[in-house]
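Visitor: Could you take me through this model, one question at a time, and show how each answer is reached?

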Amino acid sequence: MAIMQIGILGAGAIGTAVATRLLAGGHQVVLSNSRGPQTLADTVRGLGPGASAASRQQAAQAELVVLAVPGTRTAEALAGLPDWQGRVLVDATNDYATPPPAADDLTSSEVVARRAPGARVIKAFNHLFAATLRADPRRPEGNRVLFVSGDDEAAKKMFTALLTGVGFAPIDLGDLADGGRLHQVPAGPLVGQDLVRLADTGAQ
Ligand SMILES: NC(=O)c1ccc[n+]([C@@H]2O[C@H](COP(=O)([O-])OP(=O)(O)OC[C@H]3O[C@@H](n4cnc5c(N)ncnc54)[C@H](OP(=O)(O)O)[C@@H]3O)[C@@H](O)[C@H]2O)c1
């Protein structure tokens, strides 16, 4: 897969864990936070070559952007950005402040999608602890599973190819309404499941 430049809104535990994996796969990351790129100098240095810091607005211009801010701050993090014009927004956030959705409630990533007009939103990177996500997903027995849901098939195809390329084993759970519910924190049945897809041993 071609090298991508990926924007990241939020440069804490999850933002830097995702950045670590993408950088290890040869991609470039542009990190941002609420306080400006000058506050991310140490973080960028620690991540190494391929990492840089920019404003929230600049990071959001990437073809693929990861949202990694506290669940209570997604509206603020997405506010004032221009229409996404089909760019992909990967929602890694968990909303602990809102009760788990009832059957006819929006899932948390559907709420995020409404805050990002024009974005093709995918839910991912949210169901494991940051330290687990930061580790090499290529295990001796196979590859670490990441769950993915989203309403746009082409966006998911592009994103799952990216995940596969950096060593994960993505599993597409379907759309944000039904699939998203399965890996929504805290109540989704797949939350915290650290699974490995076994390498093909050729066994029947
Ligand atoms: N930690 C985990 O193990 C884990 C696992 C799965 C999912 N998650 C989810 O991932 C999200 C991030 O968690 P975290 O643990 O990485 O949090 P964190 O370490 O506290 O980092 C949050 C980051 O978001 C930035 N931020 C806050 N408000 C912002 C805004 N309005 N615009 C841009 N950036 C903003 C913060 O920057 P400032 O310092 O400038 O405020 C900080 O860099 C949460 O929704 C969490 O539920 C976390």
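Visitor: Which residues of H7 are exposed?

Guide: In this predicted model, one side of helix H7 is lined by its buried residues, because seen down the helix axis they fall within an arc of 155 degrees. Those buried residues are Ala155, Lys156, Phe159, Thr160, Leu162 and Leu163. On the other side of H7, the exposed residues are Glu153, Ala154, Lys157 and Ala161.

Visitor: Which strands are included in what covers the buried residues of H7?

Guide: The buried residues of H7, Phe159 and Leu162 among them, line one face of the helix, so the cover has to be sought over that face. What covers them includes the strands E4 (64-67), E5 (88-91), E6 (120-123), E8 (142-150) and E9 (169-172).

Visitor: How many Å should the 13 residues of helix H7 span, and how far apart are its end C-alpha atoms?

Guide: Helix H7 covers residues 153-165, and the expected span follows from 1.5 Å a residue, taken one time fewer than the number of residues. For the 13 residues of H7 this gives 18 Å, which agrees with the distance between its end C-alpha atoms, 18 Å.

Visitor: Is Ala59 buried or exposed?

Guide: Ala59 is found in helix H3, residues 56-59. A residue counts as buried if 20 or more other C-beta atoms lie within 10 Å of its own. Because Ala59 has 27 other C-beta atoms within 10 Å, the residue is buried.

Visitor: How far apart in space are Ala59 and Gly7, C-alpha to C-alpha?

Guide: Leaving aside neighbours within four places in sequence, Ala59 is in contact with several residues, including Gly7, Ile8, Leu31 and Val65. In sequence, Ala59 and Gly7 are 52 residues apart, whereas in space their C-alpha to C-alpha distance is 4.5 Å.

Visitor: Which helix gives the largest share of the largest nonpolar core?

Guide: The largest nonpolar core has 55 residues, and those with the most contacts inside it are Ile8, Val18, Leu31, Val66, Leu67 and Val90. The largest share of this core, five residues, comes from helix H1.

Visitor: Which helix gives the most to the shell around the ligand?

Guide: Of the 25 residues around the ligand, Gly10, Gly12, Asn33, Thr93 and Asn94 come nearest, and by class the shell has 11 nonpolar, 10 polar and four charged residues. Helix H1 (13-24) and helix H4 (74-78) each supply at least two residues of this shell. The helix that gives the most, with three residues, is H1.

How values were computed:
Residues are numbered from 1 along each chain as its sequence is written. This is a predicted model: local features need pLDDT of at least 70, side-chain atom pairs count only at pLDDT 80 or more; totals for chains, interfaces and linings use all residues. A residue is near a molecule or strand if its C-beta atom, placed from the backbone, lies within 6 Å of it. Helices (H or I, at least four residues) and strands (E, at least two) are DSSP runs, numbered from the N terminus. Ala, Val, Leu, Ile, Met, Phe, Trp, Tyr, Cys and Pro count as nonpolar, Asp, Glu, Lys and Arg as charged, and the others, Gly among them, as polar. A residue is buried if 20 or more other C-beta atoms lie within 10 Å of its own, exposed if 12 or fewer, and partly exposed in between; C-beta atoms are placed from the backbone. The arc is that of the directions from the helix axis to the C-beta atoms. Two residues are in contact if their C-beta atoms, placed from the backbone, lie within 7 Å. A nonpolar core is a set of buried Ala, Val, Leu, Ile, Met, Phe, Trp, Tyr and Cys residues joined through C-beta atoms within 7 Å.
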